[in-house]
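The exercises below are meant to be worked with the sequence and the model side by side. Try each task before reading its solution.

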Amino acid sequence: MIQSLFPEGFLWGGALSACQAEGAYNIDGKSLTIPDVMKFNSNNDRKVTKQMKINREMIEEAKNDPDTVKYPKRRGIDFYHTFREDIALFAEMGFKVFRYSIAWARVFPGGDDSAPNEKALQFYDQVIEECLKHGMEPLITISHFDTPIVLIDKFGGWYNRRLVDLYVNYCEVLFKRYKGKVKYWVTFNEINMSVKAGAKTLGIIEYDAPNYEEMLFQGLHHQFVAASRATRLAHEIDPGNQIGSMVAYFTTYPYTCKPEDALQMQKDDQMKNQFFLDVLNLGEYPYYAKTYFKDKNITLHIEDGDLDSIRTHTADYVGMSYYNSMISSSDTEQLELTAGNVHSVYKNPHLPENEWGWQIDPVGLRYTLNLVYDRYHKPVFILENSSGFYDKVNVDGTVNDPYRIEFLRKHIEQMGLAIQDGVEMIGYTMWGPIDMISSSTSEMSKRYGFIYVDQDDYGNGTMKRTRKDSFYWYQNVIRTNGAEL
Ligand code: BG6
């Protein structure tokens, strides 16, 4: 057998989020979340990524409308009822880890309830037990793009400092309940998305405020403080807990070798990626962020003890998702835009793209892993990586998906080379091992899975699960610890 580049015990697996998979949006006491009020939004213009603006009218309209066709994330793939069968399929592939999120709005449906919703916790008890039964590490994301609506109605989202205490209280419930069962945690999914998608991640919807960006950074400051306090608590409750910071890394290259382009690249990398990881891993607001705030007239309200907490309780590992890279230039006039995860990017002429316009760049993953490890000296966990594809079901019910295998093979190859370069890595949870509702467009037909789910964009279908070709391919990747790709 060929020698594997991956260390023994490398955590191979996959990742899902509650808000895209679980469904059961109003069952067992759960209250509404941002994804529950996001309408189906098939993006016909594949060159531009548009962020859906969530406003009060939309929220009020959604509250009075029980529709699950218009609001696909409310039905997800019914993981709430199929988790046993689905986790068994992950186990069949040999998963060593399963990343899943807990829905805050299930655990604290009223936002500031005095006690958690026991029914919700019983559901997550079962999900976690199911993982452990199959010898899989459950990796829990505490907040994955699903701010409870009630926290917007009552407090105005993360702009309000009150959310820090509410979040830490929610974390305490989870850390105590899952002590000895869950070791790996992520405080906030892709915390850097907040700047582009403030409604989704921070629940801040006052787009017309005189300085909306200031509100976002204030909300973000609250999340930084909350993450540091949660990290402290996690370590106190169980010193074995490993708390991850996480960004969606938008790797960027200078468009040309002009020094001005390189400077622009540095700036983009700083404020799109590094700023977030710097605060969470190095424990301080970097100088360039302070300059950025000054230039943008942003003044943060920082309370006594905040900076101490951020400095003292940093993350244990660097988590990142990796979907598409981008380019930076001091003169963007000639450049063409293409879509990307959460925001559009300038097109790199050297890269192919998927049908949604997201550019495919496996080598960028090796580059990014080296960059991140060099900067933080902490082990890196790839928490999401993959690409959306249209799948076709053959008449005999099988699904051939060589494009998915090719995408993942090339990325895993580069991850292996990064390990050979000396990067210390914990694991790899590819995004979406089973098809689910797309975060950006709420389409079902933008599929990521090794497992096909028979459901169309409008909720029609049997919901039957079918193993695609890539299922067997990934099974073999895990069996050989990445030696056979
Ligand atoms: C990541 C999110 O940014 O991108 C996931 O954490 C999301 O929730 C994934 O599903 C892919 O994006 P999309 O829009 O294709 O589902």
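**Exercise 1.** Is V342 buried or exposed?

*Solution.* Before starting, note that this is a predicted model, in which local features need pLDDT of at least 70 and side-chain atom pairs count only at pLDDT 80 or more, while totals for chains, interfaces and linings use all residues. Residues are numbered from 1 along each chain as its sequence is written, and side-chain values use heavy atoms, with hydrogens and water left out.

First, find V342 in the loop between strand 9 (337-338) and strand 10 (345-346), where helices (H or I, at least four residues) and strands (E, at least two) are DSSP runs, numbered from the N terminus. Next, apply the cut-offs: buried means under 20% relative accessible area, exposed over 50%, and partly exposed in between, with a 1.4 Å probe and protein chains only. V342 has a relative accessible area of 7%, and therefore counts as buried.

**Exercise 2.** Set the backbone and the accessibility of N297 beside those of V342.

*Solution.* Begin with the general rule that most residues other than glycine have a negative phi. V342, although not a glycine, has a positive phi of about 70 degrees, and N297, also not a glycine, has a positive phi of about 60 degrees. Then locate N297 in the loop between helix 11 (287-295) and helix 12 (306-312). Finally, N297 counts as exposed because its relative accessibility is 60%, whereas V342 is buried.

**Exercise 3.** Which side chain makes a polar contact with the side chain of T252, and which joins that of K30?

*Solution.* A polar contact is a pair of N or O atoms within 3.5 Å; within protein, one must be able to donate a hydrogen and the other to accept it, and residues adjacent in sequence count only if both atoms are side-chain atoms. T252, in strand 6 (residues 252-254), is buried at 3% relative accessibility, and its side chain contacts that of S328 at 2.6 Å. K30 lies in the loop between helix 1 (18-21) and helix 2 (56-63); with a relative accessible area of 10% K30 is buried too, and its side chain is joined to that of D36 by a polar contact of 2.7 Å.

**Exercise 4.** Where do polar protein atoms approach oxygen atoms of the ligand?

*Solution.* Start with the side chains: a polar atom of K446 lies 2.7 Å from a ligand oxygen, and an N or O atom of S438 is 3.3 Å from one. Then turn to the backbone, where a polar atom of S439 is 2.7 Å from an oxygen of the ligand.
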